[in-house]
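Below are some short notes for a colleague who has not met this structure before. Please read them with the sequence and the model open.

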Amino acid sequence: MTRAAAPAPGRPLWRTLALWMLPILLFLMVASLMLSMKTLREVADSAYDRSLRGAIRAIDLRISTESGGLGVELPYPLFESFQATAEGEVLFRVSTDDGLVQIGDALLPAPPPLTVGQVVFYDAIYFNRPIRVGAYMRPLDPPLYGAVGQNLIIEIAETTESREAFLRTVISRTMLRDLAALLAAALLLAVGVHAGLRPLRALRDRLDLRASDDLRQMDPAGLPREVQPLVRSVNRLVDRHRIQGEAQRRYIEDASHQLKTPLAVLRAQIDRGLQLNDPEALHGVLRAMREITDRSSHLTSQLLALALARNSALWSGSAAEEVDLSALLDGVVRLHLPSARKRRIVLEVDAPADAGAVHATEALLFEAVSNLLQNAITASPAGGVIVMSVQNDAEQTVIAVRDEGPGVSDDLLRRLDQGLRFNLPRTRPSWSASTGLGLAIVQEIMATMGGRLVLANRAPGGLLASLHLPKKHAGLKAG
Amino acid sequence: MFRITKGRATALAAPLFVLSATLASAAPDRPECIAPAQPGGGFDITCKLAQAALTDAAVLDAPLRVSYMPGGIGAVAYSTIVGQRTDEPGTIVAFSAGSLLNLAQGKFGAHDETDVRWVASIGTDYGAVVVPADSEWESLSAMMEGIKADAGSVILGAGGTIGSQDWMKAAMTARAAGIDHKSMRFVAFEGGGDCATALQGGHVDACMNDVGDSQAAIDGGAPLKLLAVFAPERLPGKLAEVPTAAEQGFDIEWPIVRGFYVGPEVSDADYQWWVEAFETAMAAPGYGALLESRSLLPLPMTGDELNSFVTEAVAKYRTLAAEFELVQQ
């Protein structure tokens, strides 16, 4: 369907069909020809043998034994009419089975054993030429010189040029006819495919003429049934693009909204600070401002991470590398150790000494694990325990973070099971420590790596959040 | 019936004519000469010569009847005379050197040369190679070159099949020319007459015939020409222009004795009558002309002389046939 100079222009459909069909047709034709050759040869033989039989009868009539001897009127005039129809040469021999009489082509090969009264036909070679011989034996009555049981043998042979020529003619005609049929089949195929593809060309024109922002569905009606699934696929692709476009728009809206609130708060704090004269109170305002700035900074980096994760899906896999999991977990723990300590939360790492490596983009994986730990610390009660673990099996690597917090809502779990993306929270009841972007980012990163985020509430209370990373990460999956 | 009556008559008559026994035998009632081939060949000429000579010499009152009994160049006639018509006093059968050659090879059935009574030889003929008058070949050597180039394309006609004297002439010439005689194509006819007919029809390219029957055909207007004669030297008269095979590099002679035999049970008296009849005829003044008109040379032999000639010839031919791996037993 692509008309532009693609690196490898596809083979035309009619040629693909022809490459499948024509050799098989050719094979079938040759096979049937071989079979009909045998039949044709038998038919030709029986027709030509009949004229040999006629010649034998005619010679038999020219044999006289009246004188007591055996005389044959020379059969050459007979042969002249016979040879007018048969192109080759005609040979004859009249003999008695006691060998006393032998008239005609003396060097004809000896006939096979003959039965009285029956004409036998056989192939032979005479002076390096193939001949067809008809041989006939009958009793001589009366026998010559009083002999007993004397038989007369008449042999007529013709060279096989004419029947070979006949066969050649028939066979070459058959071959020509078959070849013509084959060419016609190829031609019809090309024409048929051309005609059959006309709706596809119309479809292409419809697509080419579309405005770039026209993301309406195409109507598959009127297209060949084989092409309809393709149209539906294109429709689904267009739909995904539309949804993605909407998500992007919402992301920008959300990000703007998220940044608008702290900026408004900061503006209010600045206004308030300008009215204060008490340095102590001003200091308090500045501290509050600093906290807001910290949170805004955190929010910005989260938004950046989300954007990065989404963009990463569009990058090539060049950023992927072998990531050492032990080192990665160390880094994440070190980053969050201060905030955990502040709430007396115990962080445990349950990983084998050699946790192995995964094929991933290090920054993105770090961000994902870091987000899960951040969420766990936020959810965990003070003095709680958070366990991070790594498990390897043949197919995947699982990085899990277990906390003792309240878990997540059933609604959220259901959305995750259904494969839905987390949306950014549209409304925020309070400006809490969490930006609420964490799980959306993790999910986005997992999609990029071909992995999966799994959340499960634990029986006594708490959440188990795990990242399932495939072992042989073939490449970056389109987001 | 007739034969029994005749036999008794001879037996009764014999004592009455005892004083003049040699002349006493009456001429046979219905004298017949069997030419054991189709008309027009050497046997035909032999019988016709006897017919003319015996009439000219007034030995026979009734003209000698000529009948034809083709089959194996004399084989059928020989077997008939030895097996069926053994005692017909009025029947003589023509033979030639070819008959003796076939006898030597056992081609006449289970008979040998002692099974009949040889009466007389009346002349000798020679083998000849004859082609159509418009043939591309002007000499025997040109013809042998043609066969050498493509043996399968040249069809040789012969009065008689493989092993016959006509075939033998061709085989000997081929041997002299360095050609394998087994590579040559042969069509057999019942005598030289049929071969000459086929030659004129273009069905064969050359006939290995005899001077006598070939010249007879040419004299009769057939468009044929002789390429060679298998004679020691050129023949007299109108045949003087035809070169011998030896002149063309093929040192082969093939004389053809022509004569007659009678059945084994023909009485001595009747046999003797025929011997004397031929002696009389061949001594007649006009006989030389008769021979010459048939392109034959004189070779008068009768009785015992002929018997020993036949015995020697058969022995000689037996040796020759062995050379060409022809003897069948």
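**Notes on the model**

1. In chain A, residues 17-35 are 100% helix and 0% strand, and the C-alpha atoms at the two ends of this span lie 27 Å apart. Residues 179-197 of chain A are 95% helix and 0% strand, again with 27 Å between the end C-alpha atoms. The UniProt record, an unreviewed entry, gives both spans the feature "transmembrane region".

2. This is a predicted model. Its scores are ipTM 0.80 and pTM 0.60.

3. The average pLDDT of chain B is 86, and 91% of its residues reach at least 70. Residues 1-24 of chain B are another matter: there the pLDDT is below 50, and the stretch makes nine contacts in the model beyond near neighbours in sequence. Where pLDDT is low, predicted coordinates should not be read in detail.

4. How many residues does each chain bring to the contact? Chain A supplies 20 residues and chain B supplies 30. On the side of chain A that touches chain B, strand β4 of chain A (residues 102-105) provides the largest share, with four residues. By type, the residues on that side of chain A are 11 nonpolar, eight polar and one charged.

5. Which strand of chain B pairs with β4(A)? The partner is strand β6 of chain B, residues 185-189; the two strands run antiparallel and are joined by two bridges. Within this pairing, Ala188(B) of β6(B) stands opposite Gly104(A).

Notes: Residues are numbered from 1 along each chain as its sequence is written. Chains are lettered from A and ligands numbered from 1 in the order in which they are written. This is a predicted model: local features need pLDDT of at least 70, side-chain atom pairs count only at pLDDT 80 or more; totals for chains, interfaces and linings use all residues. UniProt positions are given in the numbering used here, feature names are shortened, and annotations may be inferred rather than shown by experiment. pLDDT is the predictor's confidence in each residue, from 0 to 100. Two residues are in contact if their C-beta atoms, placed from the backbone, lie within 7 Å. Ala, Val, Leu, Ile, Met, Phe, Trp, Tyr, Cys and Pro count as nonpolar, Asp, Glu, Lys and Arg as charged, and the others, Gly among them, as polar. Two strands pair if DSSP finds at least two bridges between them.
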